[in-house]
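Please work through the exercises below with the sequence and the structure side by side, trying each task before reading its solution.

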Amino acid sequence: MSHQNKEDKGAMLLPLLKEHGVDFLPFVPDAGHASLIELAFDDPHIQPVVLTTEEEGVALACGHWLGGKKSVLLMQSSGVGNTVNMLSLISNCNFPFVALVTMRGNFGEFNSWQVPMGRATPDVLTAMGIQVYVVERDDELPKAVDSALYSAFSSDQGVAVLLSQNLIGRKEW
Amino acid sequence: MLKRRDVTAKLNDMRGESRIISGLGSSTYDLHSTGDTDHNFYLWGAMGGAAMVGLGVAMAQPDSNVIVLTGDGEMLMGIGSLATIGVQKPANLSVIVLDNGHFGETGMQASHTNSCVDLAKIAAASGFKRAETIETEQELERFLQLFQDASGPSFAAIKVEQEAPPRSLPILDGVELKNRFRRTFNLFPK
């Protein structure tokens with residue numbers, strides 16, 4: 001996957017997030033989210049928030065909603081493991097919640113240390129009551145993100161969109 | 001030494017329209033013991049999340065004062081939150097830790113602050129505008145006069161006695177806690 005495609009992904013997603021009125025983008029960075037984060041820092045209408053760990057982003061998104069604002073959490077699959085207990089907030093309080101998760105540890109992974117959490121990611125999210133949309137192809141991404149935002153913020157659901165390594169490309173070593 | 005319920009009652013007297021997010025365990029019981037209000041959001045779980053829930057409300061409602069009231073154990077579990085708050089610098093957020101140096105809910109095991117860890121120094125080094133350790137009545141009075149002047153983020157580790165006052169339990173229904181809190185901002189029903 002070329003660098004160009006990664007830039008296209010950010011340019012495709014940012015207008016969609018803004019269309020849904022997303023105010024904040026808490027993130028623990030991943031190369032697959034880099035273009036979106038970079039574009040958001042240059043946009044006055046959407047504010048990225050750098051985190052030290054992904055669970056902070058879950059609690060932050062709940063706080064934003066308590067104050068009437070919308071967040072989308074950006075993280076990679078390894079970070080899903082860090083969020084597990086904090087996701088109890090989503091199911092206990094029916095907070096609307098959307099996470100965009102770039103996958104590691106599947107197609108073409110070089111670093112085998114990424115594989116266990118990558119394998120567990122959909123099951124962990126499902127076990128905590130978060131719906132999982134898996135996206136394998138570029139052309140499926142806007143519809144999946146649009147649907148996740150609509151479901152979450154129209155009726156207080158928790159949705160994670162998993163961006164396959166098939167889509168974001170493998171990390172070159 | 002200061003007592004946690006006295007500190008919480010004084011804080012409650014000074015809060016005005018402030019929203020308070022309480023961390024799980026004793027801090028939630030302490031806050032509830034001062035009198036229930038829709039302006040409180042009590043955490044019953046999600047340990048380590050109180051400061052970030054507070055940051056979220058503070059960012060979303062920059063004209064409202066937001067207070068996080070939690071314990072040393074809960075704060076330590078979300079210690080990275082202090083760095084995240086330091087970067088965002090919300091002027092309307094105060095993080096207040098009732099620091100008894102112990103995990104009170106689980107058998108009073110000594111926590112890190114009972115040894116060498118200084119939460120106020122961590123907050124100061126993370127970029128909080130004001131960060132102090134409070135041990136006396138006078139220091140507490142001074143902090144309570146100043147902390148809501150919108151020049152935060154401010155942080156206080158208030159050293160309190162190791163004790164377990166009778167529990168004062170808020171409702172457990174998270175959906176109701178969420179909706180009633182949002183109603184204070186006219187956000188519910190949508």
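**Exercise 1. Find which element gives the most residues to the lining of the largest pocket, and describe that pocket.**

Solution. In this predicted model, the element to look for is H4(B), which gives 3 residues to the lining of the largest pocket. The next step is the volume of the largest pocket, which comes to about 270 Å³. Its lining is made up of 17 residues, and those closest to the centre of the pocket are Leu24(B), Gly25(B), Phe103(B), Gly104(B) and Glu105(B). Going from residues to elements, two or more lining residues come from each of helix H2 (26-33), helix H4 (72-77) and strand E5 (102-103) of chain B. Sorted by class, the lining of the largest pocket holds 9 polar, 4 nonpolar and 4 charged residues.

**Exercise 2. Determine how many cavities of 30 Å³ or more there are, and say what lines the largest cavity.**

Solution. The count gives 2 cavities of 30 Å³ or more, and the largest cavity contains about 50 Å³ of space. To see where this cavity lies, take the lining one chain after the other: from chain A come Thr53(A), Glu55(A), Glu56(A), Ala59(A) and Met86(A), and from chain B come Gly48(B), Gly49(B), Met52(B), Met77(B), Gly78(B) and Ser81(B). Helix H3 (residues 54-66) of chain A is the element that gives the most to this lining, with 3 residues. As for class, the lining of the largest cavity has 5 polar, 4 nonpolar and 2 charged residues.

**Exercise 3. Describe the interface between chain A and chain B by its contacts, its buried area and its salt bridge.**

Solution. Begin with the contacts, in which 28 residues of chain A meet 28 residues of chain B. The size of an interface is often given as the accessible area lost when the parts come together. Between chain A and chain B this buried area is about 2,100 Å², and carbon and sulfur atoms give 65% of it. The last step is to look for charged pairs across the interface, where the count is 1 salt bridge. The side chains of Asp156(A) and Lys178(B) form a salt bridge, with a distance of 3.4 Å from N to O.

**Exercise 4. Locate Asn94(A) and Ala46(B), which have a positive phi, and decide whether each is buried, partly exposed or exposed.**

Solution. As background, most residues other than glycine have a negative phi, and most peptide bonds are trans. Asn94(A), which is not a glycine, has a positive phi of about 50°, and it sits in the loop between helix H5 (88-93) and strand E4 (97-102) of chain A. The relative accessibility of Asn94(A) is 37%, so this residue counts as partly exposed. Ala46(B), also not a glycine, has a positive phi of about 55°, and its place is the loop between strand E2 (40-42) and helix H3 (50-60) of chain B. Because buried means under 20% relative accessible area, Ala46(B) with its 4% is buried.

**Exercise 5. Find where Pro153(B) and Pro189(B) lie, and state which residue each is joined to by a cis peptide bond.**

Solution. Taking Pro153(B) to begin with, the cis peptide bond joins it to Gly152(B), with an omega of about 10°. Pro153(B) is found in the loop between helix H7 (137-146) and strand E8 (154-159) of chain B. Turning to Pro189(B), the cis peptide bond joins it to Phe188(B), and omega here is about -10°. Pro189(B) belongs to the segment after helix H8 (174-183) of chain B.

Definitions and conventions
Residues are numbered from 1 along each chain as its sequence is written. Chains are lettered from A and ligands numbered from 1 in the order in which they are written. This is a predicted model: local features need pLDDT of at least 70, side-chain atom pairs count only at pLDDT 80 or more; totals for chains, interfaces and linings use all residues. Side-chain values use heavy atoms; hydrogens and water are left out. On a 1 Å grid over the protein atoms alone, a cavity is a set of points where a 1.4 Å probe fits but cannot get out, and a pocket is an open set with protein on both sides within 12 Å along at least five of seven lines; lining residues have an atom within 4 Å of a point. Grid points are joined across faces, edges and corners, and a volume is the space filled by probe spheres set on the points. Helices (H or I, at least four residues) and strands (E, at least two) are DSSP runs, numbered from the N terminus. Ala, Val, Leu, Ile, Met, Phe, Trp, Tyr, Cys and Pro count as nonpolar, Asp, Glu, Lys and Arg as charged, and the others, Gly among them, as polar. Buried means under 20% relative accessible area, exposed over 50%, partly exposed in between (1.4 Å probe, protein chains only). Contact means heavy atoms within 4.5 Å. Buried area is the accessible area (1.4 Å probe) that two parts lose on being put together, summed over both. A salt bridge is a side-chain nitrogen of Lys or Arg within 4 Å of a carboxyl oxygen of Asp or Glu.
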